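Have the sequence and the 3D view open side by side. The report below goes through strands, contacts and aromatic rings in turn.

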Amino acid sequence: MVGKSKWGIEGLEEVAHEFPQEMKMSQPSVILATGGYDHTIRFWEAKSGRCYRTLQYPDSQVNRLEITPDKRFLAAAGNPHIRLFDVNSSSPQPVLSYDSHTGNVMAVGFQCDGNWMYSGSEDGTVKIWDLRAATCQREYESRAAVNTVVLHPNQTELISGDQNGNIRVWDLTANSCSCELVPEVDIAVRSLTVMWDGSMVVAANNRGTCYVWRLLKGTQTMTYFEPLHKLQAHDGYILKCLLSPEFCDPNRYLATASSDHTVKVWNVDGFTLERTLTGHQRWVWDCVFSVDGAYLITASSDNTAKLWSMSTGEAIKTYQGHHKAVVCCALHDGAAESCHSSAA
């Protein structure tokens with residue numbers, strides 16, 4: 001892709017003049033959703049802060065939210081189910097339910113064409129699902145509660161992190177575990193993130209440490225991890241780490257959300273601290289960048305989500321309406337994508 005995208009929170013008005021009315025009506029250009037311990041999922045107008053839709057999730061708390069690449073569906077991971085909701089429908093009912101996990105589902109995500117979904121659970125498994133049939137196609141055994149799973153941009157490797165401190169690479173082509181790493185024995189890996197171009201992976205743990213590896217391509221499909229940096233980012237737990245997206249380049253950042261009530265933003269070039277985002281009153285559980293990396297959304301136990309300007313470090317909007325801890329957020333403010341468009 002060449003140049004910056006006009007899509008994003010900042011470009012809403014500009015986009016509105018460029019596309020025909022029916023396109024605007026059929027799908028909002030910015031989809032922002034939050035979930036947590038009050039058993040609801042809320043959709044928000046990003047700029048105004050208005051909640052325009054609330055879904056009940058009666059079975060459990062909502063642990064994780066993810067929007068499909070085509071912006072049509074929202075996956076909500078709970079205990080022990082995953083529910084799929086139609087983003088553009090007013091129906092309160094899920095479209096599909098994915099039901100074979102036996103513990104809290106802590107991770108969920110999609111292949112770039114949206115043909116399949118992956119998940120990780122405290123039941124110790126990583127699963128791959130046929131999105132439309134809602135059937136489990138593959139299952140990988142991690143032997144410890146899985147806290148985080150990410151899909152490598154090559155779309156052929158899943159990387160998982162678990163409660164015992166293990167990081168495993170699951171080669172989807174060979175259908176086996178191709179690599180195991182243990183940065184610190186028995187220190188839970190809370191969150192994993194991979195750079196959009198597949199050049200780097202970061203693992204964050206319960207001791208506030210980020211381990212950074214450069215990813216090198218082997219002669220086979222297998223990815224090799226070369227240790228690059230160890231960053232003591234927080235004194236408390238790191239609950240989420242996230243590398244900035246493609247349209248943020250040439251600037252590359254790492255965001256770390258922590259139990260110390262802050263989010264820190266690090267420059268990947270040298271891992272120097274760019275700024276600290278302060279304003280949440282309790283643990284910060286989740287964060288997501290806007291498509292151009294100019295904004296960050298955060299979710300916190302203080303019952304709110306916030307929108308931050310990356311250039312100033314200021315909170316420019318607070319999303320209030322949840323009655324208990326907000327532990328997950330999802331944002332899709334770019335164009336609807338496919339594997340072809342994301343690789344172009």
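In which strand is K240 found? K240 is found in strand β20, residues 238-243. Strands here are DSSP runs (E, at least two residues), as helices are (H or I, at least four residues), numbered from the N terminus.

## About the model

This is a predicted model, in which local features need pLDDT of at least 70 and side-chain atom pairs count only at pLDDT 80 or more, while totals for chains, interfaces and linings use all residues. Residues are numbered from 1 along each chain as its sequence is written, and side-chain values use heavy atoms, with hydrogens and water left out.

## K240 and its surroundings

K240 is buried, with a relative accessible area of 14%. Buried means under 20% relative accessible area, exposed means over 50%, and partly exposed lies in between (1.4 Å probe, protein chains only).

The side chains of K240 and D286 are joined by a polar contact of 2.7 Å. A polar contact is a pair of N or O atoms within 3.5 Å; within protein, one must be able to donate a hydrogen and the other to accept it, and residues adjacent in sequence count only if both atoms are side-chain atoms. Not counting residues up to four places away in sequence, K240 touches R64, S191, A255, T256, A257, W285, D286 and C287. Contact means heavy atoms within 4.5 Å.

## Strands β24 and β25

Strand β24 covers residues 284-289, and 5 of its 6 residues are buried, so the strand is largely enclosed by the rest of the structure. β24 runs antiparallel to strand β25 (residues 295-300), and 5 bridges join them. Two strands pair if DSSP finds at least two bridges between them.

Within this pairing, V288 stands opposite I297 in β25. The hairpin of β24 and β25 has 5 residues between the strands, and G293 there takes a positive phi near 75 degrees. Strands of a sheet pair through backbone hydrogen bonds, either parallel or antiparallel.

## Strands β1 and β28

Strand β28 (residues 326-332) has 7 of its 7 residues buried, so it is largely enclosed by the rest of the structure. Its antiparallel pairing with strand β1 (residues 31-36) extends over 6 bridges. G35 stands opposite C328 in β28.

An unreviewed UniProt entry carries the annotation "repeat: WD" for residues 32-54, 98-139, 139-180, 231-276 and 277-318. UniProt positions are given in the numbering used here, feature names are shortened, and annotations may be inferred rather than shown by experiment. In the span of residues 32-54, the end C-alpha atoms lie 12 Å apart, and the span is 0% helix and 61% strand.

## An open sheet

Four strands, in the order β4-β5-β6-β7, make an open sheet of 4 strands with antiparallel pairing. Its edge strands are β4 (64-67) and β7 (96-98), each of which pairs on one side only. From one strand to the next, the twist averages 20 degrees. Here axes are lines fitted to C-alpha atoms, for helices over the stretch in contact, and angles run from 0 to 180 degrees between N-to-C directions.

β4 pairs with strand β5 (residues 73-77) in the antiparallel sense over 4 bridges. E66 stands opposite A75 in β5.

## W196 in a loop

W196 sits in the loop between β16 (189-194) and β17 (200-205). At 32% relative accessibility, W196 counts as partly exposed. W196 and L243 are 47 residues apart in sequence and 8.0 Å apart in space, C-alpha to C-alpha.

Leaving aside neighbours within four places in sequence, W196 is in contact with P153, S244, P245, E246, D249 and R252. With D249, the side chain of W196 makes a polar contact of 3.4 Å.

## Aromatic rings

The whole structure holds 9 aromatic pairs. Rings of Phe, Tyr and Trp (its six-membered ring) pair if their centres lie within 6.5 Å; planes under 30 degrees apart count as stacked, over 60 as edge-to-face and the rest as tilted. F43 and Y52 form a tilted pair, 6.1 Å centre to centre with 40 degrees between the planes. F43 is buried, with a relative accessible area of 0%, whereas Y52, at 32%, counts as partly exposed.

The rings of Y140 and W170 have their centres 5.0 Å apart and their planes at 25 degrees, so this pair is stacked. Y140 lies in strand β11 (residues 135-141) and W170 in strand β14 (residues 167-171), so the pair ties together parts that are 30 residues apart in sequence. Y140 is buried at 5% relative accessibility, and W170 is buried with a relative accessible area of 5%. Y211, W213 and F225 form one aromatic cluster.
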